[in-house]
Amino acid sequence: MRRRLVISYLLLMVLVLVALGTPLAATLATRETDRVRADRLADATRFASLAGPALRSGTSDPLANELTSYQQLYGIDAVVVDRDRAVVVGSPAWRPALGTHEALNVALSGQQASGPDSVWPWVDGPIVVAVPINDGGEVLGAVVTASPTDEVRRSVTTWWLLLAALGLLAVVACVLTAFGLAGWVLRPITELDAVTHEIAEGDRGARVQHRLGPPELRRLAASFNHMADVVSDVMDRQRAFVAHASHQLRNPLTALRLRVEELGPSLTDPQGRAEHQLALEETDRLALLLDALLTLARAERRENQRVIVDAAAAAASRVAAWEPLARHRSVTLRLAADPVAAYARTVPTAIDQALDALIDNAVKFSGAGGEVTVTVAARDDGVELEVRDTGPGMTRSQLGQATERFWRAPEVQNVDGAGLGLTIAAVLVDASDGRLTMQSNSPRGLVAALWFPSADAAEESTAPEPAPSTAVVG
């Protein structure tokens, strides 16, 4: 954008310089030519006054000496001709030059002639001047001079170079001014672009300075800041509502479950007892859903503060925490190897909660006899944690919907879960500038991989131990 503005300013400046400089350059060339022509006309007039008596008396030696001295002194050839165009006397090196014939015709008609009107640096023809020799109103002949134009062309070239230098200085000044002006005009737009990216990356506190640039862009910056404040406030209110609603529902839900549970001893009918058990299960499921909503609200509200976490230690901790549940469900859960320390930069608890969601799903859907393997490895300038299971897996379309809120595959609608585990994991991974990928395992099952950017080597020595976290179920 700045380059385009500078180019437009520069083009306008060049057009102005060409429009003003071209006539000025032509005027300078004409002025230098007129100066030389005036001198030559004066010299030719003097020779004409001397040639009149010489033509009447037939004595041309003094005139020949004058022309020879003139040629030797100034390097200008001159010739005197009679009315019949015959050469009476001339310089030793006289040769007819371009334009001599036309100038002589004008002079013999009784008028002075000179040409060309302007001498250009690339034209090396002489300046030809012709003056009639008059005697009582009768034209006896003419004096013709042919002046070299080397000096005139050098003078014109010097003036033109001076004009070009001044024009170049003007262009440089225009470029510098244009860069300063474009920077002043575009600085708010550049900052607006940078702040937009910062907000898109999660820094909702980023704002544009509204005291830069022209008034129109200042108003735009102020309007953008107001819009960002409104959007941030709406998002905060929405997340606060979800968190408050989930929290406020816990107490009545707990009381409801207690009341339903107290109804159990009074039920004697087998069908009633079955319905009573279903009611208890639904309250437990609703409690899990509220817990997941609270976790999601906290994850989305969390700012992009980064911490350094030992991903290998976090993986070992989560495998150890889920191993009793996996053993209870006859699922083999193991850490593929004992990896060395692998430090990653993430938002707080991102690795723990994301692994909780992936391991929970893998154990839940692998079924009895299934296997779940967790691996940690350095990859692509980061740390990758992989959870591989032998469950039913998902289709290509299901993989694209797996991180949507409350989405669950049609064949597992009756399995416990709220459909928010992968959503929470995706939010935390995205806030950490990481990525969550899922693909089918071979021959069956699912491979879910978490990638986080690695910490700098200088920071690894101060890396904190992973904090324990509450499991997030999906």
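Which residue in strand 2 does Val-79 stand opposite? I looked there to begin. Val-79 faces Gly-90 in strand 2. I note that this is a predicted model.

**Entry 1: the hairpin**

I followed the chain around Val-79. Strand 1 covers residues 77–82 and pairs with strand 2 in the antiparallel sense. Three bridges hold this pairing in my notes. I then looked up Val-81. Its bridge partner in strand 2 is Val-87. Next came the turn. Strand 1 and strand 2 make a hairpin, with four residues between them. Arg-85 lies in that turn and has a positive phi of about 70°.

**Entry 2: the whole sheet**

I widened the view. The hairpin strands belong to an open sheet of five strands. Reading across, I wrote down the order 2-1-5-4-3. The pairing is antiparallel. Why do strand 2 and strand 3 each have one side without a neighbour in the sheet? Strand 2 (87–90) and strand 3 (113–115) stand at the edges and have a single partner strand each, so one side of each stays without a neighbour. I also looked up the twist. From one strand to the next, it averages 15°.

**Entry 3: the largest core**

I turned to the nonpolar residues. In soluble globular proteins, nonpolar side chains tend to be buried together. The largest nonpolar core here has 44 residues. Ile-351, Ile-359, Leu-385 and Leu-450 have the most contacts inside this core. Which elements give two or more residues to it? I listed helix 7 (311–328), helix 8 (350–366) and helix 10 (421–431). I added strand 9 (371–379), strand 10 (382–389), strand 11 (435–440) and strand 12 (446–453). Helix 8 gives the most, with nine residues.

I picked Leu-385 for a closer look. I left aside its neighbours within four places in sequence. Its contacts include Ala-311, Ala-315, Ile-351 and Leu-355. Thr-375, Val-376, Leu-450 and Phe-452 are also among them.

**Entry 4: a second core**

I found a second, separate core of 25 residues. Leu-41, Phe-47, Tyr-70 and Val-152 are among its members.

**Entry 5: the protein overall**

I finished with the totals. The protein has eleven helices and twelve strands. How much of it is buried? Of the 474 residues, 39% are buried. I took contacts between residues at least 6 apart in sequence and checked how far they reach. Of these, 68% join residues at least 24 apart. The accessible surface comes to about 26200 Å². Carbon and sulfur atoms account for 57% of that surface.

Note on methods: Residues are numbered from 1 along each chain as its sequence is written. This is a predicted model: local features need pLDDT of at least 70, side-chain atom pairs count only at pLDDT 80 or more; totals for chains, interfaces and linings use all residues. Side-chain values use heavy atoms; hydrogens and water are left out. Two strands pair if DSSP finds at least two bridges between them. Axes are lines fitted to C-alpha atoms, for helices over the stretch in contact, and angles run from 0 to 180 degrees between N-to-C directions. A nonpolar core is a set of buried Ala, Val, Leu, Ile, Met, Phe, Trp, Tyr and Cys residues joined through side-chain atoms within 4.5 Å. Buried means under 20% relative accessible area, exposed over 50%, partly exposed in between (1.4 Å probe, protein chains only). Contact means heavy atoms within 4.5 Å. Accessible areas come from the Shrake-Rupley method with a 1.4 Å probe; for residues, only the protein chains shown count as cover.
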